[in-house]
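Let's take a walk through a protein model together, strand by strand and ring by ring. Have the sequence and the 3D view open as you read.

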Amino acid sequence: MIRKLETIVLAAPTVRINRIYPAYKAFYERFCAAAVPFHPIKTFALPDVWVRDFLPVQNRRTGKLYQPFFNPCYANYTFVFTSVIRQAAEKWLPAPSCEVQIDGGNMIWGPNQTLFCLERPAIFRKSVRGEQGFVEYELKRATGAKKIVWLPRETGDKIGHIDGFMQFVGNTLLVSDERFDPYLKSLLERRLSIVGAACPNIQIRFLPCVPDTADKTGLSARGIYVNFLETSRAIFVPQYGLPQDTAVIGIMKEISPKPIMAVDCTAVSRYGGAIHCLTKEYV
């Protein structure tokens, strides 16, 4: 598996980006200040900030880039806007096509080169013979994964991004704690059962999940701490000005010897994501 010094890619805070996402520039400056001591930073003049979702994936064994088909059905993504995003991705990081409609935020690496994703009809339909097999073949070709594990998605979840639910740090699975809701608790238990069967020797730790009660759109990611970024040299953890901020930093320090860098994501998270969504690492 490739494990070299990564370059972290972000969208440049252009006039267009600052008009669409006024809080992004402040996040960009805070994140770059935290990341520059550890990694090179590269920015592109992109039409959107959620680079994790639409930039190419990198095969972990060969280093080659592949471009999944980005075509979301949520937030402000019209046909024209997604076409512009795809064209921009091709301009800055040209890559062969991976014939799967999947956002980069719906792919999380686990132990033994296992890739976890949430099921979505837009990715494959169980009713169509062979479609899941084709998707898994393409994802393995593009990412270098040895195994693809699908987890059930939440009813009504239009976004379908697994990086708002869980991430691994080594052999520890960090899970967004949604046990306060009976339905989400049941769904969480089903998901963890599948993860445990795929990776039986993992440790599980829960990170706080604090619902944004001021959110009327259903998109806000404020209070979702599992949307962090781990690199070979550090872990960048979102902070929201909440009492749980300090506890999360403490948990991360317990499970990893890497430097833990806190980055304020309070304002930018209300657009629908945090550090993991807003960054992409390449070697």
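Before we start, one term: a residue counts as buried when its relative accessible area is under 20%. Keep in mind, too, that this is a predicted model.

**Strand 1 and its neighbours**

Let's begin with strand 1, residues 7-11. Four of its five residues are buried, so this strand is largely enclosed by the rest of the structure. Which strands does it pair with? One partner is strand 14 (residues 280-282), and the two pair in the antiparallel sense over three bridges. To find that spot on screen, look for valine 9, which stands opposite lysine 280 in strand 14. Another partner is strand 2, joined to strand 1 by four bridges, and here the two run parallel. Isoleucine 8 is a handy marker for this pairing, as it stands opposite isoleucine 41 in strand 2.

What holds such partners together? Strands of a sheet pair through backbone hydrogen bonds, and they can do this either parallel or antiparallel.

**An open sheet of three strands**

Now move along to strands 11, 12 and 13. These three form an open sheet in the order 11-12-13, and the pairing is mixed. Strand 11 (229-230) and strand 13 (260-264) are the edge strands, each pairing on one side only.

Strand 11 and strand 12 (residues 235-239) pair in the antiparallel sense over two bridges. They make a hairpin, with four residues between them. On the other pairing, strand 12 and strand 13 run parallel and are joined by five bridges. Here are some residue partners to look up:

| Residue | Partner |
|---|---|
| glutamate 230 | isoleucine 235 in strand 12 |
| leucine 229 | phenylalanine 236 in strand 12 |
| valine 237 | alanine 262 in strand 13 |

Is strand 12 enclosed or open to the outside? Five of its five residues are buried, so the strand is largely enclosed by the rest of the structure. Its side chains split into two groups: Ile235, Val237 and Gln239 point one way, while Phe236 and Pro238 point the other way.

**Rings that meet**

Phe236 turns up again when we look at aromatic rings. Together with Tyr24, Phe27, Tyr28, Phe31 and Phe38, Phe236 belongs to a cluster linked by ring pairs.

How many aromatic pairs are there in the whole structure? A search finds 15. One of them joins tyrosine 21 and tryptophan 50, an edge-to-face pair with 6.1 Å centre to centre and 85° between the planes. Tyrosine 21 lies in the loop between helix 1 (15-20) and helix 2 (24-35), and tryptophan 50 lies in the loop between strand 2 (41-44) and helix 3 (51-54), so the pair ties together parts that are 29 residues apart in sequence. Both tyrosine 21 and tryptophan 50 are buried.

Rings have charged company as well. The charged end of arginine 179 sits over the ring of phenylalanine 206, 3.8 Å from the ring centre. Likewise, arginine 191 has its charged end over the ring of phenylalanine 165, 4.6 Å from the centre.

**The largest pocket**

Last stop: the largest pocket, which holds about 990 Å³ of space. What lines it? The lining is made of 38 residues, and Ile159, Gly218, Leu219, Ser220 and Ile224 lie nearest the centre of the pocket. By type, the lining divides into 18 nonpolar, ten polar and ten charged residues.

Note on methods: Residues are numbered from 1 along each chain as its sequence is written. This is a predicted model: local features need pLDDT of at least 70, side-chain atom pairs count only at pLDDT 80 or more; totals for chains, interfaces and linings use all residues. Side-chain values use heavy atoms; hydrogens and water are left out. Rings of Phe, Tyr and Trp (its six-membered ring) pair if their centres lie within 6.5 Å; planes under 30 degrees apart count as stacked, over 60 as edge-to-face and the rest as tilted. Buried means under 20% relative accessible area, exposed over 50%, partly exposed in between (1.4 Å probe, protein chains only). A charge sits over a ring if NZ of Lys or CZ of Arg is within 6 Å of the ring centre and within 35 degrees of the ring normal. On a 1 Å grid over the protein atoms alone, a cavity is a set of points where a 1.4 Å probe fits but cannot get out, and a pocket is an open set with protein on both sides within 12 Å along at least five of seven lines; lining residues have an atom within 4 Å of a point. Grid points are joined across faces, edges and corners, and a volume is the space filled by probe spheres set on the points. Ala, Val, Leu, Ile, Met, Phe, Trp, Tyr, Cys and Pro count as nonpolar, Asp, Glu, Lys and Arg as charged, and the others, Gly among them, as polar. Two strands pair if DSSP finds at least two bridges between them.
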